[in-house]
Every structure is written in structure tokens, then in C-alpha cells.
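Visitor: I have a structure to look at and I'm new to it. Can you walk me through some of its charged side chains?
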Amino acid sequence: MLRRAGGPVFLWLLLGPHADGWALTVLALSAITDWADGKLARLLNQYSKLGEMLDPAADRLYILATLVGFVVRGFVPWWVALLIVGRDAVLAVAIPLIRRHGY
């Protein structure tokens, strides 16, 4: 849940006070805790449906927040962000179709 809350904090730090160092720290902590959470879950052989839903949601929130922040600040051109979002949109449509056909 903390990782999900970190996305808006990251975006605010990047766009509000332009605290790039703190924004990078929040982003890095999110990546580290994401890795540690997955590693610990595999090590302890733990699994939950809620975790299966929330983990990718938190990842997508950070990707979207980072893209929005980088485009607004002029670090990344808008068309690059559009390509990344478009890739996720194609995957969102393709994965259920692929699963429906047994792959």
C-alpha cells in the first residue's frame, strides 16, 4: 500500500517543489521495496490474489507518474511517453485474447 501511495508523492515532488533528489529517492525506494517484496514472497512461498492485483497496479502507477512528470518537465518528448502507454494498452488487450486461446 505504501508503494501505491508513493506514486502521487513522487509526482508532486517532481512537479511541485521540483525536489528532484527527493523524487528520485522515492522512486528508488519503491523499486527496492518492490524487489524485496517479490524476493521475500518467493523465499517464503507466499502468494495472495490481492498482492497479485496490487503489485502490477503500483508498477503501472509509477510508470504513469514518471511519464507524466518527465513529459511536463520536458525531460522526455510526449511521443515517447505515448509509445510506452500504447505498448501497455496493446498488452492489456492482447493478454486476455492470448489466454482465451490457451496460451
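Guide: Start with K49, which counts as exposed at 59% relative accessibility. Keep in mind that this is a predicted model.

Visitor: What does K49 meet in a salt bridge?
Guide: The side chain of E52, with N to O at 4.0 Å.

Visitor: And is E52 buried or partly exposed?
Guide: E52 is partly exposed, with a relative accessible area of 42%.

Visitor: Where do the two sit in the chain?
Guide: Both are in helix α3, which covers residues 49-73. They are 3 residues apart, so about one helical turn separates them.

Visitor: OK, new topic. How many salt bridges are there in the whole structure?
Guide: A search of the whole structure finds 7.

Visitor: Which residue does R3 pair with?
Guide: R3 forms a salt bridge with D34, and their closest N and O atoms are 3.4 Å apart. The pair links distant parts of the chain: R3 is in helix α1 (residues 2-15), D34 is in helix α2 (residues 20-43), and their positions lie 31 residues apart in the numbering.

Visitor: Are those two buried or exposed?
Guide: R3 counts as buried at 14% relative accessibility, because the cut-off for buried is under 20%. D34, at 22%, counts as partly exposed.

Visitor: Which residues are linked with R3 in a network?
Guide: D34, D55 and D59 are linked with R3 in a network of salt bridges.

Visitor: What about R60?
Guide: R60 forms a salt bridge with D88, the closest N and O atoms being 3.5 Å apart. R60 lies in helix α3 and D88 in helix α4 (residues 78-100), so the pair ties together parts 28 residues apart in sequence. D88 counts as buried at 15% relative accessibility, while R60 is partly exposed at 42%.

Conventions: Residues numbered from 1 in each chain as written. Predicted model: local features only at pLDDT ≥ 70, side-chain atom pairs only at ≥ 80, totals over all residues. Heavy atoms only, no water. Helix = DSSP H or I, 4+ residues; strand = E, 2+ residues; numbered from the N terminus. Buried < 20%, exposed > 50% of the residue type's maximum accessible area, 1.4 Å probe, protein only.
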